[in-house]
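Here are some comments on the model you sent, set out as numbered points. They deal with aromatic pairs, the nonpolar core and charges placed over rings.

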Amino acid sequence: SFYNQRCLDSLKKGLLIIVPQFCLFNAHKSNKIPFLGKNYDSDDDERKSVMSEKIKRLNFKHLRQAAWKGTKKSIPATTLCLLLFFMNMALFGYKNAVIAVPLTIIFNRLKDFPPDRWHPYSVMLINLVQATTAHLADMNVWLCVTLDFAATYLMVFLLTDSDTSKAYYSYGFGLVLYQSFSTTVPELRLRLMAIVLSCFIATLGLVVMYFLRRRQTGFKLDPRIFNPFVRLGGKTCDFLKGTARALKNLAAMLRFRLFYSSSDSLQAGTFDFRLTRFAIRISLLVTFSFFLEQVFNIPKGYWLPLNVFIMTLNFYEDSMVKIKQRVGGNIAGVFISAILFHYITGFTGHMIILSIGTFLGYAVDNYLFRATYMTCYAIALSTLFMKQSEVFELRLAYVLLAAVIAIIGSRFIFANKKTDFQT
């Protein structure tokens, strides 16, 4: 029948496929192919060699593409950072060379945004206020505690618009570095001038990046963003409203924490609730670190609040990941620096390592590697003024102490855990 004929045809096709495969499988094991009637040495070694070459070419191509992508990403930030660093060192003194770090981080974030989100005058004004606040906080312990808590709390609260937002990050860097490299009144004038000039150059860098990538991004540049009076009223109102909301939430959170009295303005589980807790926590930890630095007057003490600030994130789980990466990166960076500076000496050698560390730090996305390269950067700068062994010991001691402070704070002080807010 027709049905039986179809079954026989299917069986023949199956045998035509299976038998040759079975014979080839046996030939692979016995180095013989029966249909050829002779011994056949398999080409396993040759095939493995060809495959290995293909894998190597593929890996090399992938590495080359990744290296080129990282280079393109790092060149603008590295150029601006080194330009601001050496310019401020030459014009305004070594204390103001640190301005390059926060402004480069701001530039690196804003260069991917449309021009209407640059807000160049807001960036400059925030840095000027932070420099003045840092100058006042360095006068005595009470001002340190009061101003550092208030500045950190408002900065984090006003510049965070989501659970993963890190817009406050670069400004926090600025606050820590400005206070760590303290200034007298005449030096404060120089610092404010250096900030104004550096902000102008950073904004010019954003304009250059816009023209280089406008066909790719499709962004439009409105010249009115450079007029300080266009959005001055709106920005001032936003700041006043945000400050009022921040203080209201702070009072509600403390009342809830101390007296277990709930507030209609701050409902548990909302974004404002999580943000207020995070802002209070990071402000307390950073203020405590500054307090330790000022009371004990420890060398390179700013590494403590800086590391605490970096390691403390909104959620406990994210903080633990950041702490591991930060500690691991610092240990690796100290080890690499110890090898490098055993052979490389002198100002020029240190500046070369500093420049390479800056370039690699902005070229990678993985924070473990970024922390490693930036540790080399920091050590290259610090070993110009201190003994290498002392710098290595202080770097490791501060990062480990900061990790302990961040772990305790993230776990027990206004803690936010992702599991507590999952619905």
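1. This is a predicted model, and I begin with Y302, which counts as buried because its relative accessibility is 11%. Its partner W303 also counts as buried, with a relative accessibility of 1%. The centres of the rings of Y302 and W303 lie 6.1 Å apart and their planes meet at 55°, so the pair is classed as tilted.

2. A search of the whole structure finds twelve aromatic pairs. For Y94 and F385, the ring centres are 6.0 Å apart and the planes stand at 35°, so this pair is tilted. Y94 belongs to the loop between α2 (44–92) and α3 (100–110), whereas F385 belongs to the loop between α13 (367–382) and α14 (388–412), so the pair ties together parts that are 291 residues apart in sequence.

3. Are the two residues of that pair buried or exposed? Y94, at 47% relative accessibility, counts as partly exposed, while F385, at 60%, counts as exposed because the cut-off for that class is over 50%.

4. Aromatic residues also form a cluster, made up of Y168, Y169, F173, F278 and F309. Two of its members, Y168 and F173, appear again among the residues with the most contacts inside the largest nonpolar core, a list that also holds F85, M311 and L354.

5. That largest nonpolar core has 96 residues, and its largest share, ten residues, comes from helix α9, which spans residues 271–296. As general background, nonpolar side chains tend to be buried together in soluble globular proteins.

6. For M311, once its neighbours within four places in sequence are left aside, the contacts are S319, K322, I323, R326, V327, V399, A402, A403 and A406. One of these, K322, has its charged end over the ring of Y367, at 3.7 Å from the ring centre.

7. What does S289, which is placed in helix α9, have around it? Leaving aside neighbours within four places in sequence, S289 is in contact with L304, P305, V308 and I405. S289 counts as buried because its relative accessibility is 0%, and the cut-off for that class is under 20%.

8. A further case of a charge over a ring is found at R117, whose charged end sits over the ring of F113, 4.1 Å from the centre of that ring.

Terms used:
Residues numbered from 1 in each chain as written. Predicted model: local features only at pLDDT ≥ 70, side-chain atom pairs only at ≥ 80, totals over all residues. Heavy atoms only, no water. Core = buried A, V, L, I, M, F, W, Y, C linked by side-chain atoms within 4.5 Å. Buried < 20%, exposed > 50% of the residue type's maximum accessible area, 1.4 Å probe, protein only. Helix = DSSP H or I, 4+ residues; strand = E, 2+ residues; numbered from the N terminus. Contact = heavy atoms within 4.5 Å. Phe/Tyr/Trp six-rings, centres within 6.5 Å; stacked < 30°, edge-to-face > 60°. Lys NZ or Arg CZ within 6 Å of the ring centre and 35° of its normal.
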